[in-house]
Amino acid sequence: MLIKSSEFFKNLPPKKCIECGQEMEEQHECYGNKCNECLQVVYK
Ligand SMILES: [Zn+2]
């Protein structure tokens, strides 16, 4: 535990869905910044 958690998260900011703000784990880059739930939304 030599690395401070605060420094670690600075280097690796968590991805958040731009639609609902939910934190996402590993996603395909092509999905952009939306979580699976928001990607399934049918645009009117
Ligand atoms: Zn979302």
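Which helix is the place of E37? Select residues 36-39: this is helix α2, and E37 sits in it. Bear in mind that the model on screen is predicted.

**The whole chain**

Zoom out first. Two helices and two strands make up the secondary structure of the chain. Trace the elements from the N terminus and the order reads α-β-β-α. Now colour by burial. Of the 44 residues in the chain, 2% are buried.

**Stop 1: E37**

Return to helix α2 and show E37. Is E37 buried or exposed? E37 counts as exposed because it has 11 C-beta neighbours inside 10 Å, and the exposed class takes 12 or fewer. Next, add C17 to the selection. C17 and E37 are 20 residues apart in sequence. In space, their C-alpha atoms are 9.6 Å apart.

**Stop 2: C20**

Move to the loop that joins β1 (15-16) to β2 (23-24), and pick C20 there. C20 has 11 C-beta neighbours inside 10 Å, so C20 counts as exposed. Draw a distance from C20 back to E37, C-alpha to C-alpha. The label should read 9.1 Å, for a pair 17 residues apart along the chain.

Which residues is C20 in contact with, once neighbours within four places in sequence are left aside? Select C35, E37 and C38. Two of these names fall inside the 36-39 range of helix α2: E37 and C38. The loop residue C20 is thus a good place to view E37 from, as the two are in contact.

**Stop 3: G21**

Stay in the loop between β1 and β2 and step to G21. G21 is exposed, because 8 other C-beta atoms lie within 10 Å. Now pick N33 as a partner. G21 and N33 are 12 residues apart in sequence, and their C-alpha atoms are 9.5 Å apart in space.

**Stop 4: E23**

Leave the loop and enter strand β2, where E23 has its place. How many other C-beta atoms lie within 10 Å of E23? There are 9, so E23 is exposed. Keep N33 selected. From E23, N33 is 10 residues away in sequence and 10.0 Å away in space, C-alpha to C-alpha.

Finish with the contacts of E23. Leaving aside neighbours within four places in sequence, E23 is in contact with P14, K15 and K16. K15 and K16 are the residues of strand β1 (15-16), so label that strand as you end the tour.

Conventions. Residues are numbered from 1 along each chain as its sequence is written. This is a predicted model: local features need pLDDT of at least 70, side-chain atom pairs count only at pLDDT 80 or more; totals for chains, interfaces and linings use all residues. Helices (H or I, at least four residues) and strands (E, at least two) are DSSP runs, numbered from the N terminus. A residue is buried if 20 or more other C-beta atoms lie within 10 Å of its own, exposed if 12 or fewer, and partly exposed in between; C-beta atoms are placed from the backbone. Two residues are in contact if their C-beta atoms, placed from the backbone, lie within 7 Å.
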